[in-house]
Amino acid sequence: MSLEQILRTQSVVVCCGTGGVGKTSIAAALALSAAQIGRRAIVITIDPARRLADAIGLRDEIGNEPVLVKQIGDGQMWATMLDVGETFDSLVTQFASDAEQVTEILNNTFYRNVSRSLSGTRDYIAAERLLALQGDDRFDLVIVDTPPTRSALAFVEAPERLARFLEHRLFRLLISPTLTGMKLISTALQPVVRTAGKIVGAAALDDAIAFLQAFAGMEDGFRQRARQSATLLRGPVTSFVLVASARADTLEEASYFADGLQRNNIAIDLVIANRMPPRFGDTAAKVALTHVQDPDGDLWRNLAQLHSEAEQADAQLAQFMLGLTSASCIRVAERSADIIDLDGITDLAASLLAP
Ligand SMILES: Nc1ncnc2c1ncn2[C@@H]1O[C@H](COP(=O)(O)OP(=O)(O)OP(=O)(O)O)[C@@H](O)[C@H]1O
Ligand SMILES: [Mg+2]
């Protein structure tokens with residue numbers, strides 16, 4: 001699928017790739033490009049660093065609540081940063097049966113720890129937030145900027161994993177209504193609870209059990225949402241855009257990543273090869289080669305060197321694309337400066353859509 005098709009027709013674009021290749025900058029540029037063609041696009045960053053806000057020059061203004069960054073005719077560019085705790089609390093409020101259950105859970109120590117600090121929670125909540133934004137009438141297109149994680153697939157796999165956990169027999173046993181106190185825990189479960197207590201400490205375990213019991217009745221809501229996010233990520237309205245740089249080591253990582261997506265039944269629609277070495281044309285390169293031995297030929301030698309780097313990057317990229325037959329590819333040249341404001345993003349967007 002071409003970038004233009006993706007921006008015009010899709011509802012979700014996930015910008016993925018390994019660390020530092022330009023995912024955040026490109027995600028913002030994609031949202032701006034979509035706004036330029038009249039769509040109402042929101043870029044969401046699930047990166048705990050504030051890089052998105054920095055990249056578009058809005059240091060302290062972006063939080064969990066979406067902000068309108070730019071209006072272009074009918075098109076809009078919005079931005080939001082995922083606040084995991086806030087999003088989790090809103091899910092609890094949505095699925096609890098009454099105010100008492102909400103209070104009980106929100107004040108539970110185990111819940112506060114899990115919802116605020118576990119990294120797996122971040123991935124699941126990001127998928128949940130994506131679902132909410134996709135259903136929000138204010139936006140036509142949600143662009144997700146994924147974080148630099150050790151396992152870049154965590155975000156894709158998290159909803160499915162949570163759904164499986166909530167369906168697990170042990171979990172269902174733990175929240176069963178007959179378990180109103182530790183004393184009632186069945187003999188079959190006691191060894192499990194004792195072992196868990198030794199590992200995490202008795203007080204932490206009491207908190208966890210209190211949480212699970214307070215959680216009773218809400219698991220279906222959570223499970224359904226998790227299943228819906230998993231389906232959305234694999235559905236026809238979602239496109240995965242892989243950002244890569246044409247260096248052998250990062251392309252190798254990108255290949256692993258593409259394989260992992262494939263195992264999750266997700267195809268990459270577009271590769272954006274970012275930070276490509278600049279090209280000055282073949283003629284200039286040929287002339288340069290005839291001057292590399294000149295005593296004052298430093299500039300020629302630089303040009304020849306750049307040409308050879310560009311050739312190498314092209315060859316590596318071509319090799320990489322052989323493994324991704326259904327994806328199209330866009331090259332973005334290395335820019336002379338970092339991207340620190342909306343002007344930088346605007347330039348980047350222009351080079352994405354340049355023929
Ligand atoms: N085409 C480009 N030319 C020059 N600099 C670039 C280009 N694209 C991105 N950068 C710079 O590279 C750095 C990393 O970019 P960015 O934060 O977008 O990457 P990322 O993949 O989101 O990183 P992380 O994995 O840490 O989240 C930034 O300083 C950015 O300004
Ligand atoms: Mg980033």
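This is a short tour of a predicted model, from its ligand to the strands of its sheet.

**Stop 1: the ligand**

Select ligand 1 and the residues around it. The shell holds 18 residues. Those that come nearest are Gly 20, Lys 23, Thr 24, Ser 25 and Arg 51. Colour the shell by class. You should find 7 charged, 6 polar and 5 nonpolar residues.

**Stop 2: oxygen atoms of the ligand**

Now show distances.

- Start with the backbone of Gly 22: one of its N or O atoms lies 2.9 Å from an oxygen atom of ligand 1.
- Go to the side chain of Lys 23, where an N or O atom is 2.7 Å from a ligand 1 oxygen.
- Finish with the side chain of Thr 24, which has an N or O atom 2.8 Å from an oxygen of ligand 1.

Switch on the protein surface next. Taken alone, ligand 1 exposes 630 Å². The protein buries 87% of that area.

**Stop 3: elements that line the ligand**

Select α2, residues 23–36, and β7, residues 268–276. Each supplies at least two residues of the shell around ligand 1. Which element gives the most? It is α2, with 3 residues.

**Stop 4: the whole sheet**

Hide the ligand and show the strands. There are 8 in an open sheet, with mixed pairing. Read across in the order β3-β4-β2-β5-β1-β6-β7-β8. Pick out β3 (67–72) and β8 (328–333) at the edges. Each has a single partner strand, so one side of each is left without a neighbour in the sheet. Rotate the view to follow the twist, which averages 20 degrees from one strand to the next.

**Stop 5: strand β1**

Select β1, residues 12–16. Why is this strand largely enclosed by the rest of the structure? Because 5 of its 5 residues are buried. Show the side chains. Val 12, Val 14 and Cys 16 point one way, while Val 13 and Cys 15 point the other way.

**Stop 6: the partners of β1**

Add β5, residues 141–145. This strand pairs with β1 in the parallel sense, over 4 bridges. Centre on Cys 15 to find Asp 145 of β5 standing opposite. Then add β6, residues 238–245. Here 5 bridges join β6 to β1, and the two strands run parallel. Look for Phe 240 in β6, the bridge partner of Val 14.

**Stop 7: across to β2**

Last, select β2, residues 40–45. This strand runs parallel to β5 and is joined to it by 5 bridges. Zoom in on Thr 45. Its bridge partner in β5 is Asp 145, the residue that also stands opposite Cys 15.

Note on methods: Residues numbered from 1 in each chain as written. Chains lettered and ligands numbered in written order. Predicted model: local features only at pLDDT ≥ 70, side-chain atom pairs only at ≥ 80, totals over all residues. Heavy atoms only, no water. Near = heavy atom within 4 Å. Polar contact = N/O pair within 3.5 Å; in protein donor to acceptor, adjacent residues only side chain to side chain. Areas by Shrake-Rupley, 256 points an atom, 1.4 Å probe, with all protein chains shown as cover. Nonpolar A, V, L, I, M, F, W, Y, C, P; charged D, E, K, R; others polar. Buried < 20%, exposed > 50% of the residue type's maximum accessible area, 1.4 Å probe, protein only. Pairing = 2+ DSSP bridges. Axes fitted to C-alpha atoms, helices over the stretch in contact; angles between N-to-C directions.
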